[in-house]
Amino acid sequence: MNWQQEFAAKRREPDAAVLEIRRGCHIFIGSGAAAPQVLLRALSRQAQHFEGNRVDHIMTLVDAPYVGARQQAHFRHNAFFIGANTRQAVNDGRADYTPVFLSQVPDLMRQRKIPVEVALIQVTPPDESGYVNLGVSVDVVLAAVESASLVIAQVNPAMPWVEGQGRLNVQEIDLWVLGEEELPERNYPPLAEELTEIGRHVASLVDDGATVQLGIGRMGESILDAFSEKKGLGIWTEVVSDRILDLADAGVITGAHKSIEPHTISASFAWGSQEFYRRLARRKDVRLGPSDFINDPLNVAAQHKIVAINGALEVDLTGQVCADSVGAHFYSGIGGQVDFIRGAAMCPGGKPIIALPSTAKGGSISRIVASLSPGAGVVTSRGDVHYVVTEFGIADLHGKNVRERAMA
């Protein structure tokens with residue numbers, strides 16, 4: 001048989017495909033906007049078939065039916081980064097959270113310290129050479145595919161083919177289902193005034209020609225808006241979005257000075273509007289790579305004057321940064337913050353930045369605190385912290401003693 005015939009023979013209906021998964025094994029689910037919704041719905045419909053199956057993933061942007069209270073006997077979710085769809089389950093004790101640097105997840109999978117027996121992923125249709133593409137999420141998905149003994153893919157014609165390291169031979173897929181549907185879309189609400197001010201302060205720290213990493217969320221968008229007058233910026237980050245493509249098309253982002261993958265936008269996943277996904281397809285200046293490549297602190301440090309910009313929930317007066325919990329309640333994850341903060345600190349001319357509004361809940365709670373809330377975890381330590389930026393300005397804490405930090 002040729003590859004087309006072999007691939008056609010692997011096609012299944014969604015429920016039949018998930019019934020190939022045995023009870024009690026470890027299931028990995030693709031990340032972000034590439035979570036395979038057709039397969040997840042089938043998994044939920046066939047829940048009675050499963051018992052004691054662990055479901056691992058970083059943040060996904062779709063419904064997570066396997067964390068429902070009625071599914072407890074069938075599935076136990078483990079999050080490497082907690083999303084809104086699994087947060088309640090983690091804090092209710094129906095799901096787990098593994099604190100881990102995102103750069104280390106792929107190697108933990110390969111070492112079987114994080115076992116992956118089944119990978120449920122989403123891909124493009126195959127090209128004429130018999131290759132599919134992971135589309136908008138390469139991050140830890142590539143390592144999961146390499147580690148799993150059973151790979152089941154949702155083939156989605158709406159998934160954009162994105163250049164980079166997400167190309168797979170169809171022989172790496174054991175079973176597949178057809179599922180055409182739009183990818184989850186990112187909303188861009190109007191920016192609050194304090195976020196605009198934070199963006200302005202951060203932009204003052206970014207030189208023309210610097211390489212930039214931005215965390216996920218509204219903070220990153222406010223900072224990108226402040227970059228419109230910059231020249232020759234590079235991008236080496238986790239997530240690429242609409243605004244990054246806008247700045248690239250405007251000539252602000254060129255990547256001309258990047259040390260690794262120059263003249264391209266380098267990221268590990270993409271998330272944006274439907275128009276963004278259409279613009280992303282086959283675009284030559286965007287490359288997605290795995291988290292052990294993009295988040296590797298040594299690769300971060302090798303970039304030209306990299307500025308790592310990440311958010312926080314609280315920062316205390318000694319410089320400890322809490323970014324994954326609200327008190328004792330887990331909220332998100334370590335993610336790539338420490339990977340990029342440490343990489344930027346090692347980079348000649350690099351700048352590690354923590355950016356956050358000074359208050360929460362309409363100004364009633366301070367995010368700059370004398371001591372972190374009881375139970376809060378430290379993501380970036382007081383030894384790693386450099387710049388802290390709020391709407392009121394910039395505090396440079398690196399090399400300062402505790403009294404000087406409190407005053408700053």
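The exercises below work through the fold, cores and strand pairing of a predicted model.

Residues are numbered from 1 along each chain as its sequence is written, and side-chain values use heavy atoms, with hydrogens and water left out. Local features need pLDDT of at least 70 and side-chain atom pairs count only at pLDDT 80 or more, while totals for chains, interfaces and linings use all residues.

**Exercise 1. Describe the overall dimensions and burial of the protein.**

Step 1. The protein has 14 helices and 26 strands; helices (H or I, at least four residues) and strands (E, at least two) are DSSP runs, numbered from the N terminus.

Step 2. The radius of gyration, taken over C-alpha atoms, is 21 Å, close to the 22 Å that the globule rule gives for 408 residues, so the protein is as compact as a globular protein of that length. The rule is 2.2 Å times the number of residues to the power 0.38.

Step 3. The C-alpha trace spans about 70 × 45 × 40 Å along its principal axes.

Step 4. Of the 408 residues, 58% count as buried, meaning under 20% relative accessible area (exposed is over 50%, partly exposed in between; 1.4 Å probe, protein chains only).

Step 5. Contact means heavy atoms within 4.5 Å. Among contacts between residues at least 6 apart in sequence, 72% join residues at least 24 apart.

**Exercise 2. Locate the nonpolar cores and follow one residue from each.**

Step 1. A nonpolar core is a set of buried Ala, Val, Leu, Ile, Met, Phe, Trp, Tyr and Cys residues joined through side-chain atoms within 4.5 Å. The largest one has 77 residues, and M109, I121, F227, V240 and I309 have the most contacts inside it. Helix α6 (residues 141-147) supplies the largest share of this core, five residues.

Step 2. Setting aside neighbours within four places in sequence, I309 is in contact with residues including V202, L214, F227 and I353.

Step 3. A second, separate core of 36 residues includes V18, V38, V55 and Y66.

Step 4. V38 lies in helix α3 (residues 37-45). Why does V38 count as buried? Its relative accessibility is 13%. Beyond neighbours within four places in sequence, V38 contacts P14, Q154, V177, G179 and E181.

**Exercise 3. Work out the surroundings of strand β25 (residues 387-390).**

Step 1. Both faces of β25 are covered: Y387 and V389 on one side, V388 and T390 on the other, are all buried.

Step 2. Two strands pair if DSSP finds at least two bridges between them. Strand β21 (residues 351-355) pairs with β25 in the parallel sense over three bridges, and I353 stands opposite Y387.

Step 3. Strand β26 (residues 393-396) runs antiparallel to β25, joined by four bridges. V388 has A395 of β26 as its bridge partner. A hairpin through two residues joins β25 to β26.

**Exercise 4. Assign the edges of the open sheet that contains β17.**

Step 1. Three strands form this sheet in the order β18-β17-β24, with mixed pairing.

Step 2. β18 (321-322) and β24 (368-369) stand at the edges, each with a single partner strand, so one side of each is left without a neighbour in the sheet.

Step 3. Two bridges join β17 (residues 314-316) to β18 in the antiparallel sense. V315 has V321 of β18 as its bridge partner.

**Exercise 5. Identify what helix α9 (residues 242-249) packs against.**

Step 1. The buried residues of α9 are D242, I244, L245, L247 and A248.

Step 2. They pack against elements including α8 (218-225), β11 (234-236) and α10 (274-280).

Step 3. Just after α9, G251 takes a positive phi of about 90°.
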